[in-house]
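Visitor: I should like a close look at a single part of this protein, set within the rest of the chain. Please take one helix pairing as the centre of the account and work outwards from there.

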Amino acid sequence: MSQPPRVSVVVPLFNEQENVDALHAEVVSAMSSVGGGGAWEVVYVDDGSTDETYQRLVAAQRSHPDLVSVIRLRRNFGQTAALAAGFNHAHGGIIVTMDGDLQNDPADIPRLLEEIGRGLDVVSGWRRKRVDPFLSRRLPSRAANWLIGVVTGVALHDYGCTLKAYRREVVEQMTLYGEMHRFLPAQAHWVGARIGEIPVHHRPRTRGQSKYGLWRAYRVLLDLVTVRFLGAHGTKPLHAFGALGLVFGALGVLTIGVLSYLKLTTGVSFIQSPLLLLSALFVMLGGQSFLLGLLAEISVRTYYESQQKPIYIIKEMRRAGEPGPPDDDPQQERRVSGAPAGGSGRHGRWDRGD
């Protein structure tokens, strides 16, 4: 490419051979309004499909060799890993994600880009009129969205909607593993991103098999605990474990106090009461919590110092002797933390395959 595209559309797919051709045609049609001549690209990620998905994607790439990239993973790593691969090889300053099952409507992408153009850093799709079954899909999703909003402090109607748009500089500050892709808006909020949400179309699946089910709920819950801990105590874990240790220690002291009172007033022997064992248990748990906090502090310090990672994120800086961006153009803000826009970013994590 002569110049990096402004928008990259990242689409993970797994066994979607029936949908590839129609999906590609709709993406090209929707992105044609964005502009040509390198203004956009689409990155398809085949997440270890066992059908003809990859062959169909290769055919799509041959039809638009300057606009389409295809990544084939060695096995099925999951949607989070597939999105991470797409992010790492996308060139655009704005990255749009969507599912490959045609339930997301590519025609909504220009609307997401309009909201980004109004100054938002992340725009999340909201499947307001979702067509999935109520008991098996919509009801658990509503409960999960409410719980994620309460735990993370970022209230969105639809965390599970893959159709989202991000500024590159926001995504570069986040790490993907487990089922973390659904928590990207929460992670973006913690790095200071401005987040919006708009209703998008949701269409019934007409071809292929759904890859989602209630069996994934426990993964989401476990990753939610991780997200909450990293967001609140990622750089100061001793505060969390120390507070837990203080609670257990206080309970131990309280229990031994009650036991002493009973000994003085009723003559109950320490040995005969189970409170002695309970007090010892509380004291041991308190000590272990403090030790875990110290080990976590050492791990965090090693992580940041070994990679020379900053514990802050700069939004904008104007150096002495350098002209700053025009005051009337908020879109010209320059990133100076991490790596420059379009660079390698996060110590090699953003190898774009140039």
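Guide: What follows begins with the whole chain, turns to the helix pairing, and then visits several individual residues.

The model is a predicted one. It contains 10 helices and 7 strands. The protein has 354 residues, and 42% of them count as buried. Its accessible surface amounts to about 18500 Å², with 59% of that area belonging to carbon and sulfur atoms. Among contacts in the protein with a separation of 6 or more, 77% are between residues 24 or more positions apart.

The part chosen for the close look is the pairing of helix 1, residues 20-31, with helix 2, residues 53-63. Their axes come within 9 Å and cross at roughly 30°. Angles under 35 degrees count as roughly parallel, and helix 1 and helix 2 are therefore roughly parallel to each other. The handedness of this crossing is right-handed. On the side of helix 1, the contact is made by Val20, Asp21 and His24. Helix 2 contributes Thr53, Arg56, Leu57, Ala60 and Ser63. By character, the residues of this contact divide into 3 nonpolar, 3 polar and 2 charged.

The loop that leads from strand 1 (7-13) to helix 1 holds Asn15. Asn15 is not a glycine, yet its phi is positive, at about 55°.

On the other side of the account, helix 2 leads to strand 3. Leu57, one of the helix 2 residues in the contact with helix 1, is also touched by Val70. Val70 has its place in strand 3, residues 68-72. Leaving out residues up to four places away in sequence, Val70 touches Tyr44, Tyr54, Leu57, Val58 and Gln61. Val70 and Val45 are 25 residues apart in sequence, while their C-alpha atoms are 5.9 Å apart in space. The relative accessible area of Val70 is 25%, so Val70 is partly exposed; the cut-off for buried is under 20%.

Further along the chain, a second residue with an unusual backbone angle may be set beside Asn15. Leu102 has a positive phi of about 70° although it is not a glycine. Leu102 is found in the loop between strand 4 (94-97) and helix 4 (109-117). With a relative accessibility of 9%, Leu102 counts as buried.

The last stop is the region of helix 9 and helix 10. Ser273 is located in the loop between helix 9 (237-266) and helix 10 (275-307). Because its relative accessibility is 11%, Ser273 counts as buried. Apart from neighbours within four places in sequence, Ser273 is in contact with Leu259 and Val268. Ser273 and Lys263 are 10 residues apart along the chain, and their C-alpha atoms are separated by 9.7 Å.

Within helix 10 lies Gln288. Its relative accessibility is 46%, and Gln288 therefore counts as partly exposed. Gln288 and Gly242 are 46 residues apart in sequence, with a C-alpha to C-alpha distance of 9.7 Å.

To return to the centre of the account, helix 1 and helix 2 are roughly parallel, and their crossing is right-handed.

Definitions and conventions: Residues numbered from 1 in each chain as written. Predicted model: local features only at pLDDT ≥ 70, side-chain atom pairs only at ≥ 80, totals over all residues. Heavy atoms only, no water. Axes fitted to C-alpha atoms, helices over the stretch in contact; angles between N-to-C directions. Helix = DSSP H or I, 4+ residues; strand = E, 2+ residues; numbered from the N terminus. Parallel < 35°, antiparallel > 145°, perpendicular 65-115°, else oblique. Left-handed = near helix turned anticlockwise from the far one by under 90°. Contact = heavy atoms within 4.5 Å. Nonpolar A, V, L, I, M, F, W, Y, C, P; charged D, E, K, R; others polar. Buried < 20%, exposed > 50% of the residue type's maximum accessible area, 1.4 Å probe, protein only. Areas by Shrake-Rupley, 256 points an atom, 1.4 Å probe, with all protein chains shown as cover.
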